[in-house]
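User: I would like to go through this chain with you before planning any bench work. Could you take my questions one at a time and show the reasoning behind each answer?

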Amino acid sequence: MAKPSVCTDLIQQMGWRDMGAEGDPLNRRLYHAIRHVIDSGALGPRSRLPASRDLARELAVSRNTVNHAYEQLQVEGYVHGQVGSGTYVADILPSALLATGGRKPSVRGTGPTERLAGLSRQAEALLAHASASDRQWGAFMPGVPDVTLFPRAVYARIHHRLLRHAGPQLLTYGTRGGVDPLKQALSGHLRVARSVHCEAGQILVTEGVHQAIDLVVRSLTNPGDCVWMEEPGYWGIANVLRMQHGLDMRSVPVDEEGMQLPEGLPVPRLIFVTPSHQYPLGAVMSMARRRALIAYARRVGAWIVEDDYDSEFRFSGSPVPSMQGMEEDAPVIYIGTFSKTLYPGLRMGYMVLPPSLGPALQTLHAELYREGHQLSQHVVAELIGEGHYAAHIRKMRLLYGKRRRMLLGLIERYLGAAYLPWVESDAGLHFVMPLPGLQDDVALARDLRQADVLVKPLSRYYAGPGKRYGLLLGYACVAEHEMGTAFFRMLAVLRASRVARA
């Protein structure tokens, strides 16, 4: 294992202050240097990096410069931290995961700024921030409904009947942004359940939220346009934005009232918000903030993209109405999904578009994505029309509320009030458990995974330096009889990591 002084010597020998792109801050140049040392093999797997205090002294920089470089390396999977032990080179580097047939990927060019051959800068940026897990079911995976209780018998009966009599038009491509029966059913449901102002013609059915966001970004932005995102915010939105060349992505902090209306940022073209249940913290955007944001968007000509991903699951109080329905002709694009209410594998979402955007985005959608799943859309239309959909939501709302209370009770009893969520929001499919005094939730999440506990580290949802640390715990997919067992597996890891007292 290399000594810390060896690592420091290697960094200094390569002239690290001149690395990276012109205008890069010192922490970015240091990140490039350390990554090059690791990629070259000079620091092998499990090698210990110098303590941030020691490296800062030896390189004559601030400790924050080193910490920011280490954080970026950890986010990208090059290193991992061990509480009380230090920072170590990962056993398997990201480049190895991208290799084919056990060989290293071919590269073009040399030096610390070399890139994977053939991949765009946007693709490399997305790969560095990839967050989709290879495991999508189990305690305490956030954002996953209990798919075992999906009304499959009713769905299968409707599907079988429609398939038996399906004509060619249901088994080929679609071009109308969704079948008319589903648009009609959705418009009625959204008016009642979410106070959305819409007609069937304003609805465009998509293959989930990601496709909807991709269509909006491709259709409404040009290189150089500014886009505002919540900080912290949903990684899926950020990754879609990373694939669009030349966007100026700006993170806007959220607090207990939702997204703050910032001063001094460039005028945005798009503003992404989750006002009914902020993702991931859970805040509900206040009425004053909503009206101020709508007024601002009107004034500067921006579009608000309202992601209403799990709004149906509010366990107490009155439902929170959508932003879209607050004002006539509001500059809001409303996005929803059936992934949380039915099951994720259905891959069906929808958009409510302002009338001025509807025809153009419908044509662009058909041209870009070649619509399909028309038979499934007819099935969902009948589920809504016959009342099965609303009945299923009512049933799951009661169940998820019970599971949420159960998990919160275990946390309060065995960990204490300091581990309860910062934001009081009795809604959604997950909450954030704080980690008092811990600043390496990524490593902790990795340790929990080894114990068959699936969580998401909160710090990965931040783009800037002002991170908070915690774990996203999903409770919807954990049956009551499994909740205690899963919690105590998690508790054992927290105690072994000295995050919680024994």
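User: What share of the accessible surface of the chain belongs to carbon and sulfur atoms?

Analyst: This is a predicted model, and the value is computed from its atoms. The accessible surface of the chain comes to about 22,700 Å². Of that area, the part that belongs to carbon and sulfur atoms is 52%.

User: Which radius of gyration does the chain have, and why does it agree with a compact globule?

Analyst: For 502 residues, a compact globule would be expected to have a radius of gyration near 23 Å, and the value for the chain agrees with this. Along its principal axes, the C-alpha trace spans about 70 × 50 × 50 Å. The radius of gyration of the chain is 24 Å.

User: Is Cys7 buried or exposed? And Cys226?

Analyst: A residue counts as buried when its relative accessible area is under 20%. Cys7 has 1% relative accessibility and therefore falls below that cut-off, and Cys226, because its value is 4%, does so too. Across the chain, buried residues make up 53% of the 502 residues. Cys7 is thus classed as buried, and Cys226 is likewise buried.

User: How many disulfides does the chain have?

Analyst: A disulfide is a covalent bond between the sulfur atoms of two cysteines. The rule applied here asks for a pair of cysteine sulfur atoms within 2.5 Å. By this rule, the number of disulfides is zero.

User: How far apart do the centres of the positive and negative side chains lie?

Analyst: The chain carries 55 positive side chains and 47 negative ones. Taking the centre of each set, the distance between the two is 4 Å.

Methods: Residues are numbered from 1 along each chain as its sequence is written. This is a predicted model: local features need pLDDT of at least 70, side-chain atom pairs count only at pLDDT 80 or more; totals for chains, interfaces and linings use all residues. Side-chain values use heavy atoms; hydrogens and water are left out. Buried means under 20% relative accessible area, exposed over 50%, partly exposed in between (1.4 Å probe, protein chains only). The radius of gyration is taken over C-alpha atoms; the globule rule is 2.2 Å times the number of residues to the power 0.38. Accessible areas come from the Shrake-Rupley method with a 1.4 Å probe; for residues, only the protein chains shown count as cover. Lys and Arg count as positive and Asp and Glu as negative; His and the chain ends are not counted. The place of a charge is taken as NZ of Lys, CZ of Arg, CG of Asp or CD of Glu.
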